[in-house]
Each structure stands twice: as C-alpha cells, then as structure tokens.
Amino acid sequence: MASSAQQLNRWLTELGRISDEPGQLTRTFLSPAMKRANARVSVWMREAGLTVRVDSVGNLIGRWEAAAPVRRGGSRRPARPKTLLLGSHLDTVRNAGRFDGPLGVLLPIAAVAALRRRGVELPFHVEVLGFSEEEGVRFASGYLGSLGYSGRLREADLALRDDAGVTVRQALEAFHGGPFQLPPAAHPRRDLLGYVEVHIEQGPVLEERKLAVGVVSAIAGQSRFKLTWTGQAGHAGTTPMALRRDALAGVAEFAVAVEALARRTPGLVATIGSMTVSPGASNVIPGRVLHTLDVRHASDAVRKKALLALGRAAAKTARARQLTCRWQRTQHDGAVNCSPTLTAQLEKSVRAVQGQSRSLVSGAGHDAVVMAKLAPVAMLFVRCRAGLSHHPDEFASPGDIEVALRVLVDFLQALDG
Ligand code: HGY
Ligand code: MN
Ligand code: MN
C-alpha cells in the first residue's frame, strides 16, 4: 500500500501544477486548465482499469464494473449489482492548495488500482467522480458539477453570469460546441449504495486530537449572495463629505456589522470574500460596489436568523447613507447529516486501520451536500497541517494519506453490495 500512496502523492503534485494562472494553482469551471486536468486524471483512471467518460457538465467519471452478478438464496435471477459512488471536485479556489478536491478524486483511483492488483473483485459497481465545479469561484455559486450529475441543475443556475457576463449556459455550450440540455440524474437512487467522499478536514480538530483521519457526522449549511450597493460617483476633491453617497463607505459599515454578528453568535461564520469597486479610480467617490457574502452554521435556524439580522443591518446602512442595496442569492444549502449506516461502516474501517475513530462536523461545504439528495453519503476527513486550506500552503502528509488509502481499501472490501 505504501507504493500506492507514493504514486498518489506524485499524482497530487503533478495535478497541482495544472493551473489557469501561472505561478499559482487556480482551476475554474470549464477552463482550459480544467480540460487539461480531466485529460491527465483520465489517464490515471484508465491505468487503474476504470472506463472513463466526461458528462455534459464536464464531470470526469471513471467506472469499474462489478464482478459477475451474484445469486442470492436460490433466486432464479442474480441480483443486479448496485453502484457505489466515490469522488470529490477537480476545480479549485484561486491560489489554492493541491489537496482540496483532488485528494478525494485521486485517492479512490489509487484504491481501485490497489484492489485490482490484488485480483479483488467487488459485488458492486464503483464510479469515481471528478466534479467539474464545486468551489463556486467563476459563478459565485458552488456545486454546479454535482448538481449536474445528480440531475438537480436548474434553469436559474444556467442564468448565472461570471464577471465577464458569460452565463453558465453559454459556458456549457462553448464547452460542448453545441446546445446544452439540463441532464437527468446519472443514476436512480435505488441503484446506488451511497456516495463516499474523502477530503482534507480544512480545520484544526484532527490535528488537535492527533488523528490522521476522522469521519464526518454532518456538514454545515451555507448561504451565498452577491450584494450590489449603489450611491453616487463624484469628484474626490470637490465633493463635500456631507453631500456624498459613497457606496464603499456603506459597505465598510456593513462589513463591520457582518463580522460583529458572527463574532457574537457561537458557531456562525460570515465572510465577504470578493469585492468590485466602481468606477475604481483613486480620485472618484465609489458610486457602486458589488461584493459576495458567505454565511454558514451547523443549524439552519441560526443561519436563517443571522441572515434576517444582516438584511436589517444592510437596509439601515443604505437608508442612513441614501444608498440602494440589492441582494442576489447565488447559493443556499441546508445542513446535511451523513448516513448513519454508511458512516458506521466507514468508522469500522477507520478503527481497523487507525485503532480509533472520532467524528466531527464539517464547516466547509462539499459535494456530499448535493449528493445526499441522490444517495446516502459518508465522508472521511484527512488531517491537514494547522487546518490551513484555500491557501497554497495547504498540506496533508504522505503518512496520513496512506492511512486514508488503507481505510478506503478496507471499506471497499468490507462493504456488502
Ligand atoms: O467553500 C467551501 O466550503 C468549499 O471549500 N467549497
Ligand atoms: Mn473541497
Ligand atoms: Mn474548497
């Protein structure tokens, strides 16, 4: 297994160099680097014995067919094998680390390769999924890949625009060189055993507990928005302060209110991650500001209460400063509980490899949030240094990755199709 883990680390390093931006790792939805990443991972999938296809939303899918169907209890017809889904995303944030997403795509490929080398055959089909978009960098709305795969992409998603004004639909039609139709779910729920995602923790818990891996009990809900504040651009030198309608000053006041609410609400996190100031000149009062807002909590009720409070705070600031503030919701996902049955099975494998298993809540969103609508989900977290992620210094050690690989191999062999 050590050689499989070494191979996996080489893949992670190589894939981490496939980027849209020289000098840093950035791969966004349907970009040239995403196409190169799909091509490279396809080679590794084929070498592992998987048959490979790319679906209409750009998801990379590697499939390993089950062994000959088994007869159960003298039945006349053998039971049709179900499919176990394994995967994560191949897109990244800007200036990303090389583990967030790709670890959960490449590790299952290494696990399949290890099992096939041992001549193991499984009583269920396996599909390894490399989702084309999870982070929501290009369109400020995440999960477009897993939404497409699970048949939950909607017209409203296709109408979202990137910073260049290109819609999701236009991006998909350019990717295909032809018309795009909303895809159905890749599989009916009844044909699926579940979806298991391996991911770095992106938090400090496993490091504090000195554990290489842990299992996820639940994933926090999240809401994302684009806010557009409009005031009045004007001359920075001649416009008296009392006569200004400075959109950026209003956003600054709102940003302090956002942070204050999150600081005083246990478990709430709220972030203004990107901002565009117009017209964007040093001697012009900002007449318009567009920014994102990301709000999360393990409890949907707390998150919704926080959103109402932030809506009131924005309205108060806009009134006081004679600004307008328009909200556009770009993502809204409730908290998700992982499947107790599948998680118990994963915990057994974690205990078999690591000696003990601890569970934790995920503050980060994952494709498992979307896939939970299609199949039971479970997640295996891998310790990452200082909990750092969405940063080039993101790091999971080869030793911890090998533990996770051993856990997944054990889980696949133990799972009853
Ligand atoms: O933002 C998140 O929670 C994830 O990394 N997409
Ligand atoms: Mn991720
Ligand atoms: Mn991420």
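In this predicted model, histidine 390 has a relative accessibility of 41% and is therefore classed as partly exposed, the buried class being reserved for values under 20% and the exposed class for values over 50%. Glutamate 135, by contrast, is buried, with a relative accessible area of 7%.

Both residues take part in binding a metal: the manganese ion (ligand 3) has as its protein donors Asp100 (OD), Glu135 (OE), Glu135 (OE) and His390 (NE2), which lie 2.1 to 2.7 Å from the ion. Along the chain, these donors follow the spacing D-x34-E-x254-H. Glutamate 135 and histidine 390 link distant parts of the chain, 255 residues apart; glutamate 135 belongs to the loop between β4 (125-131) and α4 (144-149), whereas histidine 390 belongs to the loop between β16 (377-382) and α12 (398-414). A further manganese ion (ligand 2) is 3.4 Å from the manganese ion (ligand 3), and aspartate 100 coordinates both.

Glutamate 135 and histidine 390 also appear among the residues around ligand 1, together with Glu134, Gln222, Arg224, Arg296, Ala364 and Gly365. This shell divides into four charged, three polar and one nonpolar residue. Several side chains approach polar atoms of the ligand: an N or O atom in the side chain of glutamate 134 is 2.8 Å from a nitrogen atom of ligand 1, a polar side-chain atom of arginine 224 lies 3.4 Å from an oxygen atom of ligand 1, and an N or O atom in the side chain of histidine 390 is 3.0 Å from an oxygen atom of ligand 1. Of the 220 Å² that ligand 1 exposes when taken alone, the protein buries 95%.

Methods: Residues are numbered from 1 along each chain as its sequence is written. Chains are lettered from A and ligands numbered from 1 in the order in which they are written. This is a predicted model: local features need pLDDT of at least 70, side-chain atom pairs count only at pLDDT 80 or more; totals for chains, interfaces and linings use all residues. Side-chain values use heavy atoms; hydrogens and water are left out. A residue is near a molecule or strand if one of its heavy atoms lies within 4 Å of it. A polar contact is a pair of N or O atoms within 3.5 Å; within protein, one must be able to donate a hydrogen and the other to accept it, and residues adjacent in sequence count only if both atoms are side-chain atoms. Accessible areas come from the Shrake-Rupley method with a 1.4 Å probe; for residues, only the protein chains shown count as cover. Ala, Val, Leu, Ile, Met, Phe, Trp, Tyr, Cys and Pro count as nonpolar, Asp, Glu, Lys and Arg as charged, and the others, Gly among them, as polar. Donors are N, O and S atoms within 2.8 Å of the metal (3.2 Å for Na, K and Ca); water is not among the atoms, so sites may look incomplete. Helices (H or I, at least four residues) and strands (E, at least two) are DSSP runs, numbered from the N terminus. Buried means under 20% relative accessible area, exposed over 50%, partly exposed in between (1.4 Å probe, protein chains only).
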